Amino acid sequence: MSSPCDPAYAPAGDVGVALMAIDSRLKAIYDGRTGTDSEQQQLMDQFTASLGPEEANDVLDGACTLIYMFMQWLRMAYEEHDKDVIEYVVPGFVTSMRMMPRSIRPEVIPTMTGLVVAAGTGLSPSLWRKQYGDWTGDEMNSLEATALLLAEHINRLTDDRDFAARMITEALSATTQD
């Protein structure tokens, strides 16, 4: 029986913009720039302000698509070693989110954990979230952090700081060639 949260029913969104945001944030962290870069933040604020409601929803859907793709890759990687992705990803993910109290409100952590679990069990994070209403402003930083933490987890597993972004870029390239 098909689920209403089946990824086949989910819009992919603007994966390219979502990936660009995550990748640039990861590169900044890898370069030791963990504070707020005022110039980069100003550019991001200008870009965000230029988005209409439809484009903003496309970026949100794109971030959810990234989360889904990252969790599917992690699921396959852990299953190769007879390990459960939820068991090996979620505890560290929750711990990391709890260590970011200035950026991540504690009441949003269960929602982001639900997104990760949904994706890890083959459901669309975007459709799973839509069951509970519209996105809130408090969830925006958390959504970005979720995608970032999953990408970083993949990069750490592969010992390659660019692996997660390259994997998505290659998947997008293959899709556009078909």
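What volume does the largest cavity have? In this predicted model, the figure is about 40 Å³. The count of cavities of 30 Å³ or more comes to one.

The lining of the largest cavity draws on several parts of the chain. Helix 1 (15-30), helix 7 (138-158) and helix 8 (163-177) each supply at least two residues. Helix 1 provides the largest share, with four residues. Leu19, Ile22, Asp23 and Leu26 are among the lining residues. Phe70 also takes part in the lining. Further along the sequence, the lining includes Ala151, Asn155, Arg161, Asp162, Ala164 and Ala165. By class, seven lining residues are nonpolar, one is polar and three are charged.

Phe70 appears again in the largest nonpolar core, which has 46 residues. Together with Leu74 and Leu143, Phe70 is one of the residues with the most contacts inside this core. Seven helices each supply at least two residues of the core: helix 1, helix 3 (53-79), helix 4 (85-98), helix 5 (109-120), helix 6 (125-130), helix 7 and helix 8. Helix 3 gives the most, with 11 residues. The surroundings of Leu143 can be listed in detail. Residues up to four places away in sequence are not counted here. Leu143 touches Leu60, Ala63, Cys64 and Ile67, among others. Met112, Leu115 and Trp135 are also touched by Leu143.

A charged residue was examined next. Glu139 is placed in helix 7. Its relative accessible area is 5%. Buried means under 20%, so Glu139 is buried. Neighbours within four places in sequence were again left aside. On that basis, Glu139 is in contact with Val108, Thr111, Met112, Arg129 and Asp134. Met112 therefore recurs: Leu143 touches Met112, and Glu139 is in contact with Met112 as well.

Aromatic pairs were considered last. The count comes to three. In one of them, the rings of Tyr78 and Tyr88 have their centres 5.4 Å apart. Their planes lie at 20°. Planes under 30 degrees apart count as stacked, so this pair is stacked. Tyr78 lies in helix 3, whereas Tyr88 lies in helix 4. The pair therefore ties together parts that are 10 residues apart in sequence. The two residues were also assessed for accessibility. Tyr78 has a relative accessibility of 10% and counts as buried. Tyr88 has a relative accessible area of 37% and is partly exposed.

Key:
Residues are numbered from 1 along each chain as its sequence is written. This is a predicted model: local features need pLDDT of at least 70, side-chain atom pairs count only at pLDDT 80 or more; totals for chains, interfaces and linings use all residues. Side-chain values use heavy atoms; hydrogens and water are left out. On a 1 Å grid over the protein atoms alone, a cavity is a set of points where a 1.4 Å probe fits but cannot get out, and a pocket is an open set with protein on both sides within 12 Å along at least five of seven lines; lining residues have an atom within 4 Å of a point. Grid points are joined across faces, edges and corners, and a volume is the space filled by probe spheres set on the points. Ala, Val, Leu, Ile, Met, Phe, Trp, Tyr, Cys and Pro count as nonpolar, Asp, Glu, Lys and Arg as charged, and the others, Gly among them, as polar. A nonpolar core is a set of buried Ala, Val, Leu, Ile, Met, Phe, Trp, Tyr and Cys residues joined through side-chain atoms within 4.5 Å. Buried means under 20% relative accessible area, exposed over 50%, partly exposed in between (1.4 Å probe, protein chains only). Contact means heavy atoms within 4.5 Å. Rings of Phe, Tyr and Trp (its six-membered ring) pair if their centres lie within 6.5 Å; planes under 30 degrees apart count as stacked, over 60 as edge-to-face and the rest as tilted.
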